[in-house]
Amino acid sequence: MIPWLGSEVVFPPDEQALCEPNGLLAAGGSLTPAWLLAAYRRGIFPWFSEGEPILWWTPDPRLVLVPDHLHVSHSLRRTLRRQRFEVRTDTAFAAVLRACAAPRAPGLGTWITPAMQAAYLRMHELGHAHSVECWREGRLVGGLYGMALGRVFFGESMFTLETDASKVALAHLARLLAERAYAIIDCQMTTAHLQSMGAREMSRAHFVETLARWVPDGPPAQKWAADAARYLIWP
């Protein structure tokens, strides 16, 4: 059993999270900025489907990527050098949300429900949530979004409509964060794709300790300049 959260913004200890399903901690609460900020500062994130209550997760282990440790394959580096895509930041956050929420296959649902979209759009308006976008010939063809607190970026979702578009977005995000002295990118759940790009597993205890050090540090919340990643050069 997991606890049901009330109106007070309080989460149970991480150690109470279930092992199966991995990291399920609590249900209930709200998706207001106060709840989301309190959750992310503890390494907790919401993940649920339409018709379900809000479910909060803190898996163990956690997949993280150190920005300087991003692995760029030879083929991806060629794509980056050719500048096939125009990369922008925070110019189409709502569009990135909608694209990430689109079902990946016919008949499949999405965990990025209308309520989740509204919540993260509000976080974007407050300067906490950001998007990295790949454009080609005036069309949004790939991107990602996530939350930035202190010097930690919490990745949420990505999408691609053309080969390598989401990888290009991730590469630019990692370079941009490295130049701004961010400590880690939280990738949440382990996937072979992200591991192939340099992400590594970290115990939940170590992850929480990392957050305690790096989340209080860093610049104030604000939207990123649209051309923040345009100047990056790929050798």
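The following paragraphs describe helix 1, the aromatic contacts, a pair of packed helices and the cysteines of this structure, which is a predicted model.

Helix 1 comprises residues 33–41, and A34 is found within this helix. Burial is a recurring feature of the helix, for W35, L36, L37, A39 and Y40 are buried there. A34, by contrast, counts as partly exposed because its relative accessibility is 46%, a value that lies between the limits of 20% for buried and 50% for exposed residues. In general, an α-helix has 3.6 residues a turn, so that residues three or four places apart point the same way. The helix is followed by G43, a residue whose phi is positive, with a value near 80 degrees. When A34 is compared in position with I184, a residue 150 places away along the chain, the C-alpha atoms of the two are found to be separated by 23 Å.

A search of the whole structure for aromatic pairs finds eight of them. One of these joins F11 and W35, whose ring centres are 5.4 Å apart and whose planes stand at 90 degrees, so that the pair is classed as edge-to-face. Because F11 lies in the loop between strand 1 (4–5) and strand 2 (24–28), whereas W35 belongs to helix 1, this pair ties together parts that are 24 residues apart in sequence. Both partners are shielded: F11 counts as buried at 8% relative accessibility, and W35 counts as buried at 4%. The rings of W47 and W57 have their centres 5.2 Å apart, and the pair is described as tilted because the planes meet at 55 degrees. This pair links distant parts of the chain, with W47 in the loop between strand 3 (45–46) and strand 4 (55–57) and W57 in strand 4, ten residues apart. The two tryptophans fall into separate classes of exposure, since W47 is partly exposed with a relative accessible area of 34%, while W57 is buried with a relative accessible area of 9%. F11 and W35 also belong, together with W56, to one aromatic cluster.

Aromatic rings are also approached by charged side chains. R88 lies over the face of W135, at 4.1 Å from the ring centre, and the charged end of R180 sits over the ring of W224, 5.5 Å from the centre of that ring.

The packing of two helices was then examined. In general, such an arrangement is described by the angle between the axes and the distance between the axes. The axes of helix 2 (residues 74–82) and helix 5 (residues 165–179) come within 10 Å and cross at roughly 80 degrees, which means that helix 2 is roughly perpendicular to helix 5. On the side of helix 2 the contact is made by L76, T79 and L80, and on the side of helix 5 by K167, V168, A171 and H172.

Finally, the cysteines were considered. A disulfide is, in general, a covalent bond between the sulfur atoms of two cysteines. With a limit of 2.5 Å between the sulfur atoms, the count of disulfides comes to zero. For C100 the closest cysteine sulfur is that of C134, and because the distance is 12 Å, the two are too far apart for a bond. C100 is buried, with a relative accessible area of 3%, whereas C19 counts as exposed at 73% relative accessibility.

Terms used:
Residues are numbered from 1 along each chain as its sequence is written. This is a predicted model: local features need pLDDT of at least 70, side-chain atom pairs count only at pLDDT 80 or more; totals for chains, interfaces and linings use all residues. Side-chain values use heavy atoms; hydrogens and water are left out. Helices (H or I, at least four residues) and strands (E, at least two) are DSSP runs, numbered from the N terminus. Buried means under 20% relative accessible area, exposed over 50%, partly exposed in between (1.4 Å probe, protein chains only). Rings of Phe, Tyr and Trp (its six-membered ring) pair if their centres lie within 6.5 Å; planes under 30 degrees apart count as stacked, over 60 as edge-to-face and the rest as tilted. A charge sits over a ring if NZ of Lys or CZ of Arg is within 6 Å of the ring centre and within 35 degrees of the ring normal. Axes are lines fitted to C-alpha atoms, for helices over the stretch in contact, and angles run from 0 to 180 degrees between N-to-C directions. Angles under 35 degrees count as roughly parallel, over 145 as roughly antiparallel, 65 to 115 as roughly perpendicular and the rest as oblique. Contact means heavy atoms within 4.5 Å.
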